[in-house]
Amino acid sequence: MKKILLEKLLDNCKEQEYQKQYEYIINLLEEKKIKPVKASRLNGKSPALYREYWLLEETKDYSNFIEELRYQIIPDISVDYYLRHLESYEADREWVLQLNKYLKERKETLQFKVSANERSFEIWGREKFLSKGQGRRILKRCGLEMSFFNIYETTEPLAYYSRTRNVPQNLLILENKDTFFSMRRRLLEGNETILGIKIDTLIYGAGKGIFRSFEDFDLCVEPYMRAAGNQIYYFGDLDYEGIGIYENLSADFGEKWNIVPFEAGYTKMLSKAKGVDSIPETKEGQNRNIKDIFFSYFSMEQVKRMKEILEKGYYIPQEILNISDF
């Protein structure tokens, strides 16, 4: 509420006699447009008026909205929030009614799983509505979860190269782009193996980007890549982050996919690192909270060597290897 002086309220009738001014203020009070600030004291005239008043906001009539919410919105949409916050319903009404119309007339289309943007356009004619704050806020007010709409989030397409579609097959996830290109060159030259292991498909993991890609692995790869019996290898930098990526990938998706370190690759990295003058220092800010899941695939001697490198603050980048090593 906003305060206003009596003199300001009387601007429209300041030329009139005081009795008319008094009646004008009383009329405003009866219409509940103002109320007195009693602490401002009276003006000393007869009949007396207070020196200051509160300007009252006009109360809207929401009876039509109440009736609409109670009798026209289908049960899938909760109306509890909007009945308590009718001013919010007035602001959201266009979007709520579009959702209501969709669920009344086309709810059966929810049986088909589609992308979030596709569903959003289907309901509201706005492909980004669900992915933005306004859409998610309205869903919350309607008591609906994203899962209700049978949608999936799309990720960047998974980059991979397959030399064969035979199954079962060996798939190798690579943390870094350079190694992906070099190994792909080797397979394109007609070779079937990399470091003595038969490899059928190479996948570019893009570091931690592999987590998002694997959430949609069933949806974004061809059937032969997700066939039963396939073996998935992971190969990245020999540092805390690279090991952490493997361990988290295995923890998150290990129940569904058999993912193991590409032991031949790490062995070759260790061997080649002995012949170089120096290896780089560990990058700052890496999460060093790794377990022994990764190390359990290697011999005691290899584990000792790996931990020695890491604990001294060094790491071996995947790029230590090139096509001549494969």
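Begin by selecting helices α12 and α13 in this predicted model, where α12 passes α13 in a left-handed crossing. The contact draws on Glu263, Tyr266, Thr267 and Leu270 from α12, and on Gln302, Arg305, Met306 and Ile309 from α13. Sorted by class, the residues of this contact are 4 nonpolar, 2 polar and 2 charged. With α12 spanning residues 263-273 and α13 spanning residues 300-311, the two helices pack at an angle of about 60 degrees, and their axes are 11 Å apart. Angles from 65 to 115 degrees count as roughly perpendicular and those under 35 as roughly parallel, and α12 and α13 are therefore described as oblique to each other.

Next, select residues 86-106, which form helix α5, together with residues 116-124, which form helix α6. Here the packing angle is about 95 degrees and the axes lie 8 Å apart, and α5 and α6 are therefore roughly perpendicular to each other. To see the contact itself, show the side chains of Trp95, Gln98, Leu99, Tyr102 and Arg106 on α5, and those of Arg119, Glu122, Ile123 and Trp124 on α6. By class, this contact of α5 with α6 is made up of 5 nonpolar, 1 polar and 3 charged residues.

Move now to the N-terminal strands, selecting β1 (2-5) and β2 (34-36), which are the edge strands of a sheet and each pair on one side only. The sheet is open and has 3 strands in the order β1-β3-β2, with antiparallel pairing. From one strand to the next, its twist averages 35 degrees. Adding β3, residues 52-55, to the selection shows its antiparallel pairing with β1, which runs over 4 bridges; within β3, Trp54 is the bridge partner of Lys3. Keep the sheet in view and add residues 18-30, since this is helix α2, which lies across β2 and β3 and runs at about 110 degrees to β2.

The loop between β2 and β3 deserves a separate selection, with Arg41 and Pro47 both placed in it. Arg41 has a positive phi of about 70 degrees, although it is not a glycine. Further along the loop, a cis peptide bond joins Ser46 and Pro47, with omega at about -10 degrees. As background for both features, most residues other than glycine have a negative phi, and most peptide bonds are trans.

For another cis peptide bond, go to Val167 and Pro168, which are joined with omega at about -5 degrees. Pro168 sits in the loop between β6 (159-162) and β7 (170-174), so that selecting these two strands along with the loop places the bond in its setting.

Finally, turn to the aromatic rings, for which a search of the whole structure finds 20 pairs. One of them to select is Tyr234 with Tyr246, a tilted pair whose rings are 6.3 Å apart centre to centre, with 35 degrees between the planes. Which elements hold these two residues, Tyr234 and Tyr246? Tyr234 lies in strand β11, residues 231-235, and Tyr246 lies in helix α11, residues 240-253, so the pair ties together parts that are 12 residues apart in sequence.

Note on methods:
Residues are numbered from 1 along each chain as its sequence is written. This is a predicted model: local features need pLDDT of at least 70, side-chain atom pairs count only at pLDDT 80 or more; totals for chains, interfaces and linings use all residues. Side-chain values use heavy atoms; hydrogens and water are left out. Two strands pair if DSSP finds at least two bridges between them. Axes are lines fitted to C-alpha atoms, for helices over the stretch in contact, and angles run from 0 to 180 degrees between N-to-C directions. Contact means heavy atoms within 4.5 Å. Angles under 35 degrees count as roughly parallel, over 145 as roughly antiparallel, 65 to 115 as roughly perpendicular and the rest as oblique. A crossing is left-handed if the near helix is turned anticlockwise from the far one by less than a right angle, and right-handed if clockwise. Ala, Val, Leu, Ile, Met, Phe, Trp, Tyr, Cys and Pro count as nonpolar, Asp, Glu, Lys and Arg as charged, and the others, Gly among them, as polar. Rings of Phe, Tyr and Trp (its six-membered ring) pair if their centres lie within 6.5 Å; planes under 30 degrees apart count as stacked, over 60 as edge-to-face and the rest as tilted.
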